[in-house]
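Hi everyone, thanks for making time this morning. I'd like to walk you through one structure, so let me put it up on the screen.

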Amino acid sequence: APLDHEAYMRLALSEAHESPPKPSNFRVGAVLVDEGSNKVLATGYTLELPGNTHAEQCCLQKFAQSHDLPEERVGEVLPENTVIYTTMEPCGLRLSGNLPCVERIIRAREGGKGGISKVYLGVKEPEKFVGENKGRTKLGEHGIECIHVPGLEEQILNVATAGHE
Ligand SMILES: Nc1nc(=O)c(N)c(NC[C@H](O)[C@H](O)[C@H](O)COP(=O)(O)O)[nH]1
Ligand SMILES: [Zn+2]
């Protein structure tokens, strides 16, 4: 059955609502999906896991941990046709200096399997913290397709910036 992209993006948006508001980041939700079986592999939201974590990072870490692996080895266990839905495009640079999610998504291709082949995003990152996000270009250079899922932009941005004064 063809994937219902809007349904998965709505699920990611519902995850974003779980994120504690904070002025220095965006409240984002993400869903890791096996496109082959149409199954949700993991969900995540900003700050869900300890350590100033991002939504996409939480998906990868939770799935890796469900296989007793650290996040950096998630590529060893991802199904062939894994994709990720994220309400906001993956970060290419973080003010905290933590490893950006674009790098984590590219790293997931190591480990010999297909890694993440597509990133479905609800909105581009506003240029509030790090200026223009160049992550989509870098993902494309590694054969990872970025696809905009339209229709939820206003709701996504309202949730994302709720912690900002
Ligand atoms: N795609 C995405 N998912 C997230 O879960 C999240 N919080 C951001 N936010 C991007 C923004 O650029 C960074 O939140 C700031 O640059 C601050 O960096 P930290 O979050 O403190 O590492 N972007
Ligand atoms: Zn990130």
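Let me begin with a small spot in a loop. N52 has a relative accessibility of 27%, so this residue counts as partly exposed. You'll find N52 in the loop between strand 2 and helix 2. What catches the eye is its backbone: phi of N52 is near 50 degrees, a positive value in a residue other than glycine. As a reminder, most residues other than glycine have a negative phi. And please keep in mind that what you see is a predicted model.

There is a second residue of this kind. N38, which is not a glycine either, has a positive phi of about 60 degrees. N38 sits in the loop between strand 1 and strand 2, and at 31% relative accessibility it counts as partly exposed.

Now to the metal. Which protein atoms are the donors of the zinc ion, ligand 2? They are ND1 of H54 and the SG atoms of C91 and C101, and they lie 2.1 to 2.3 Å from the zinc ion. Along the chain, these donors follow the spacing H-x36-C-x9-C. H54 comes from the loop between strand 2 (39–45) and helix 2 (55–66), while C91 comes from the loop between strand 3 (82–88) and helix 3 (101–107), so this pair ties together parts that are 37 residues apart in sequence. Are these two donors buried or exposed? H54 counts as buried, at 18% relative accessibility, and C91 is buried too, with a relative accessible area of 7%.

Let's turn to the sheet. It is an open sheet of five strands with mixed pairing, and the order is 2-1-3-4-5. At the edges stand strand 2 and strand 5 (145–148), each with a single partner strand, so one side of each has no neighbour in the sheet. On average, neighbouring strands are turned by 20 degrees against each other, direction ignored.

Moving through the sheet, strand 3 and strand 4 pair in the parallel sense, over six bridges. If you want a landmark there, look for T86, which stands opposite L121 in strand 4. Strand 4 and strand 5 also run parallel, joined by four bridges; here K118 has E145 in strand 5 as its bridge partner. Why can we call strand 4 largely enclosed by the rest of the structure? Because six of its eight residues are buried.

What about the helices on this sheet? Helix 2 lies across strand 1 (29–34), strand 2, strand 3 and strand 4, and runs at about 130 degrees to strand 2. One residue to click on in helix 2 is F63, which is buried with a relative accessible area of 7%. Leaving aside neighbours within four places in sequence, F63 is in contact with L32, L41, A42, V74, V77, L78 and P79.

Helix 5 (153–160) packs on the sheet as well, touching strand 3, strand 4 and strand 5, and its direction makes about 85 degrees with that of strand 4. Its buried residues include I156, V159 and A160. Seen down the helix axis, the buried residues fall within an arc of 100 degrees, so they line one face of helix 5. Covering them are, among others, helix 1 (5–16), strand 3 and strand 4 (116–123). The face turned away from this buried side carries E154 and N158, both exposed.

My last stop is just past that helix. H164 lies in the segment after helix 5, and at 14% relative accessibility it counts as buried. Which backbone oxygen lies 2.6 Å from a polar atom of the H164 side chain? That oxygen belongs to N25, a residue in the loop between helix 1 and strand 1. N25 is buried as well, at 6% relative accessibility. Setting aside residues up to four places away in sequence, N25 touches T46, L47, F129, A160 and H164. On its side, H164 is in contact with K22, P23, N25, F26, K128 and F129, again without its neighbours within four places in sequence.

That's my tour. I'm happy to rotate the view and go back to any spot you'd like to see again.

Note on methods
Residues numbered from 1 in each chain as written. Chains lettered and ligands numbered in written order. Predicted model: local features only at pLDDT ≥ 70, side-chain atom pairs only at ≥ 80, totals over all residues. Heavy atoms only, no water. Helix = DSSP H or I, 4+ residues; strand = E, 2+ residues; numbered from the N terminus. Buried < 20%, exposed > 50% of the residue type's maximum accessible area, 1.4 Å probe, protein only. Polar contact = N/O pair within 3.5 Å; in protein donor to acceptor, adjacent residues only side chain to side chain. Contact = heavy atoms within 4.5 Å. Donors = N, O, S within 2.8 Å, 3.2 Å for Na, K, Ca; no water. Arc of directions from axis to C-beta. Pairing = 2+ DSSP bridges. Axes fitted to C-alpha atoms, helices over the stretch in contact; angles between N-to-C directions.
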